[in-house]
Amino acid sequence: MKISLKRIFIVCVYVFIDIIFIILAFQLVLLLRPQTVIFKVWSKSLFSAADPYRMLFMAWTMLTVFFYYTHGLYQTRREQEESLEVWEVIKSSCISTLVVILLTFLLRVEDFPRSVMILNTVAIIFFSSIWRVIKKIIVGYLVSKGYNNFNTLIIGAGKTGTSLAGAIQQHPSLGLRIKGFLDDEKTGMCGHFPVLGRLDSFTEVAQREFIQQVYITVYPEHQCFIKLLEIAREQGLAVKVVPQGYEYMTRDFMKFNIGLIPVLEYTHLSVNYHQRIKRLFDFVAALLLMVFLWPLFVILAALIKLDSPGPVFYLSRRYGCYGRKFDMYKFRSMVSDADDLLPQLKAKNEVDGPIFKIKKDPRVTSFGGFLRKYSLDELPQILNVIKGDMSLVGPRPFPISQLEKEDLRQLKRLGIRPGITGLWQIRGRSDVSFNKLLRWDIWYIKNWSFCLDVYILFQTFPAVIKGKGAY
């Protein structure tokens, strides 16, 4: 009963704060646009007799709160990212605005300004989103300090279970206090946590350790799995299951029902559609970049010619999408016969894998060192993006001589267009090991989204300015 009353109290507090911010949004818009409404705007005019739209504003407030509730915005979901919660705010606010527009039409509300309608929606979204980000920070801080933490048991001490335990440790704001594992094959310690027993000791362990949440990461035979769920239900434990083959899920996987049967969709046919959107964005953005950066291109070309003899551009033969070969453009940062000198330097390679990199490459020209430090030598690849050979964001294309076709991980990178920048570039550049580079590229391919591309693009600028790890 205490928990129920506590939850009701928290929901009431959240609703109250939302109402305050919604009213604040209305008042701010009216104060900014007093000439658009037919009544005199002052600090207390909203909802007063002087406001002929007071019933509409009241209905708008209640509708917004109602749609926030139906979209789960009054539940404290610690696992949910702030961006997803903000997206729910945007959807709910827009739906409530559409209903208000319908009401103004049906009730024949006259002279309600469209500018106020639009600005109100924007202001509501802004204040509600800011409040939820602040709430997330406050709740995360309190939980990380031990407030309202949950004793957690992980079923399965294998790779998935131990990886989950590590991820939970890295996110203290989840408030999950891991007590240990249950596993039929392992004993002793797994990482930082003990194996507390076998799966058939679930009831005893759950009671002894005062378990509140259970994560299932293994897939025992059907009857054992059903028994675990039944015991958890009887004891009032929250049970969460890591889906089998979760590593193959795309970022935007779907959950839906066919009749009463829930289905998880790991991959779907809209990937090609998304890639077409990505291609359109790349083409438009690359054209705009060329318009703004052509004076810099001219300056850099002149400085390269003055620094050392040879062509301005260097063409590197690379593998692109689905193994198609193309010439990748770069500003020349080495002496003109650099490729002929490469065999003499192979033994000095300072990175693992098939990539060749050395920090003090004697082939790099004086101005070429500057170009490489700030990645200015990569700018001509904007032309590759316009041509369709590359994308702004994606796995870095390997030279043909450095791609090992017997390595399946390398071939997986060829499933999409290579990029000018990517996770490799924003997380260490040349200082990153080859194996880690491959893992990041494969993770990017599986979890691609437009928002992820935007994030990487914005993170690229500070990484380039710092010049760390580039040689």
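Helices here are DSSP runs (H or I) of at least four residues and strands are E runs of at least two, both numbered from the N terminus. With that in hand, the secondary structure of this protein comes to 15 helices and twelve strands.

**View 1. The whole chain, a predicted model.** What you're looking at is a predicted model, and the protein has 471 residues, of which 43% are buried. About 27000 Å² is exposed, with carbon and sulfur atoms supplying 64% of that area. If you take the contacts with a separation of 6 or more, 69% of them are between residues 24 or more positions apart. Going by the salt-bridge rule, the count is 15.

**View 2. Helix 2 against helix 3.** Two packed helices are described by the angle between their axes and the distance between the axes. For helix 2 (residues 54-70) and helix 3 (residues 82-106), the angle is about 145 degrees and the axes are 9 Å apart. The crossing of helix 2 and helix 3 is right-handed. On the helix 2 side, the residues in contact are Leu-56, Ala-59, Trp-60, Leu-63, Thr-64, Phe-67 and Tyr-68. Helix 3 meets them with a set of residues including Val-89, Ser-92, Ser-93, Ile-95, Val-99, Val-100 and Leu-103.

**View 3. A salt bridge within helix 3.** Stay on helix 3 and pick out Glu-88 and Lys-91, which form a salt bridge with the closest N and O atoms 3.3 Å apart. Both residues lie in helix 3, three residues apart, or about one turn of the helix. Buried or exposed: which label does Glu-88 get? Its relative accessibility is 16%, so Glu-88 counts as buried, since buried means under 20%. Lys-91, at a relative accessible area of 30%, is partly exposed.

**View 4. A nonpolar patch on the surface.** Phe-126, Ile-130, Ile-134, Ile-138, Tyr-141, Leu-142 and Tyr-147 make up this nonpolar patch, and together they have about 690 Å² of accessible area. Ile-134, one of the patch residues, is found in helix 4 (residues 114-144). Ile-134 has a relative accessibility of 41%, so it goes down as partly exposed.

**View 5. Salt bridges around strand 10.** Two pairs are worth a look here. Arg-317 and Asp-327 form a salt bridge, with 3.2 Å between the closest N and O atoms. That pair links distant parts of the chain, with Arg-317 in strand 9 (residues 313-319) and Asp-327 in strand 10 (residues 325-331), ten residues apart. Both count as partly exposed: Arg-317 at 42% relative accessibility, Asp-327 at 28%. In the other pair, the side chains of Asp-377 and Lys-330 meet in a salt bridge at 3.7 Å, N to O. Asp-377 sits in the loop between helix 10 (366-373) and helix 11 (381-387) and Lys-330 in strand 10, so this salt bridge ties together parts that are 47 residues apart in sequence. Asp-377 is buried at 3% relative accessibility, and Lys-330 is buried too, with a relative accessible area of 13%.

**View 6. A salt-bridge network.** Which residues do salt bridges with shared partners join into one network? They are Asp-18, Glu-85, Arg-132 and Lys-135.

**View 7. Ser-391 and its neighbours.** Ser-391 is found in strand 11 (residues 391-393). At 1% relative accessibility, Ser-391 counts as buried. Leaving out residues up to four places away in sequence, Ser-391 touches Lys-278, Asp-282, Val-385, Arg-417, Pro-418, Gly-419 and Ile-420.

**View 8. Val-239 in strand 6.** Val-239 belongs to strand 6 (residues 238-241), and its 30% relative accessibility makes it partly exposed. Val-214 is 25 residues away along the chain, yet the C-alpha atoms of Val-239 and Val-214 are separated by 4.8 Å. Val-239 touches Val-214, Ile-216, Leu-229 and Ala-232, again leaving out residues up to four places away in sequence.

**View 9. Two positive phi angles in loops.** Phe-210 has a phi near 55 degrees, a positive value in a residue other than glycine. Phe-210 lies in the loop between helix 6 (202-208) and strand 5 (213-216). At 63% relative accessibility, Phe-210 counts as exposed. Ser-375 isn't a glycine either, but has a positive phi of about 60 degrees. Look for Ser-375 in the loop between helix 10 and helix 11.

Methods. Residues numbered from 1 in each chain as written. Predicted model: local features only at pLDDT ≥ 70, side-chain atom pairs only at ≥ 80, totals over all residues. Heavy atoms only, no water. Buried < 20%, exposed > 50% of the residue type's maximum accessible area, 1.4 Å probe, protein only. Contact = heavy atoms within 4.5 Å. Areas by Shrake-Rupley, 256 points an atom, 1.4 Å probe, with all protein chains shown as cover. Patch = residues over 30% accessible without salt bridge, like charges linked within 9 Å, V, L, I, M, F, W, Y side chains within 5 Å. Salt bridge = Lys/Arg side-chain N within 4 Å of Asp/Glu carboxyl O. Axes fitted to C-alpha atoms, helices over the stretch in contact; angles between N-to-C directions. Left-handed = near helix turned anticlockwise from the far one by under 90°.
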